[in-house]
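Me: Please take a close look at one part of this structure, the largest pocket, and then go on to a helix. Keep it plain enough for a first-year student.

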Amino acid sequence: MAGIPPRRESADPSVSGRVRSALPGLILLAALVAAWFAVKYGARVPDQQMPAPLQVLREGWAARGQLIKAAASTLGGALAGFLLGNAAAVFAAVLIASSPAASRVLVPFALVVRTLPIIAIAPLLTLLLGAG
């Protein structure tokens, strides 16, 4: 098409693509924190009901060691569950592929489990496997 100039990548070369892609999330975060400040101080909500954002940051920083330990424990549990689930899935896939009898038993069960939302499966797994 004649007459259409070639497209330029960026009008301002100092703004990188990463910053531009992160900008909507940062704007949303800033808006949420501003709304938090506005509700906290505009409505004069007591600290027991709604702490200020800076107070939450101070308390979180003071308890950072405990938060890091909790995050590491959560990450370890999630990683173990991921690995265990993948190992069980590979084992079930091999079993289904190699045995028609196993296929007749496991495929209907897998289809039922697949239709359930994870939010419904999680409490059942907690009851079966335990919380810790």
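**The largest pocket and helix H1**

Reply: The largest pocket holds about 300 Å³ of space, in what is a predicted model. Its lining is made up of Gly77, Ala80, Gly81, Leu84, Gly85, Leu125, Leu128 and Leu129. Two elements, helix H3 (64-98) and helix H5 (118-129), each give two or more residues to that lining. H3 gives the most, with five residues. Sorted by type, the lining has five nonpolar residues, three polar ones and no charged ones.

Now to helix H1, which covers residues 17-42. With 26 residues at 1.5 Å a residue, H1 should span 38 Å, and because its end C-alpha atoms are 37 Å apart, the two values agree. H1 does have a bend of about 40° at Leu23. A proline, Pro24, follows Leu23 within four residues. After H1 comes Arg44, which has a positive phi, near 55°.

One residue of H1 can be followed further: Lys40 is located in this helix. Is Lys40 buried or exposed? Its relative accessibility is 4%, and buried means under 20%, so Lys40 counts as buried. The side chain of Lys40 makes a polar contact of 2.6 Å with the side chain of Asp47. A polar atom of the Lys40 side chain also lies 3.1 Å from the backbone oxygen of Met50. Lys40 is thus a buried residue with a side-chain partner in Asp47 and a backbone partner in Met50.

Technical notes. Residues are numbered from 1 along each chain as its sequence is written. This is a predicted model: local features need pLDDT of at least 70, side-chain atom pairs count only at pLDDT 80 or more; totals for chains, interfaces and linings use all residues. Side-chain values use heavy atoms; hydrogens and water are left out. On a 1 Å grid over the protein atoms alone, a cavity is a set of points where a 1.4 Å probe fits but cannot get out, and a pocket is an open set with protein on both sides within 12 Å along at least five of seven lines; lining residues have an atom within 4 Å of a point. Grid points are joined across faces, edges and corners, and a volume is the space filled by probe spheres set on the points. Ala, Val, Leu, Ile, Met, Phe, Trp, Tyr, Cys and Pro count as nonpolar, Asp, Glu, Lys and Arg as charged, and the others, Gly among them, as polar. The expected span of a helix is 1.5 Å times one less than its number of residues. The bend at a residue is the angle between axes fitted to the seven residues ending there and the seven starting there. Buried means under 20% relative accessible area, exposed over 50%, partly exposed in between (1.4 Å probe, protein chains only). A polar contact is a pair of N or O atoms within 3.5 Å; within protein, one must be able to donate a hydrogen and the other to accept it, and residues adjacent in sequence count only if both atoms are side-chain atoms.
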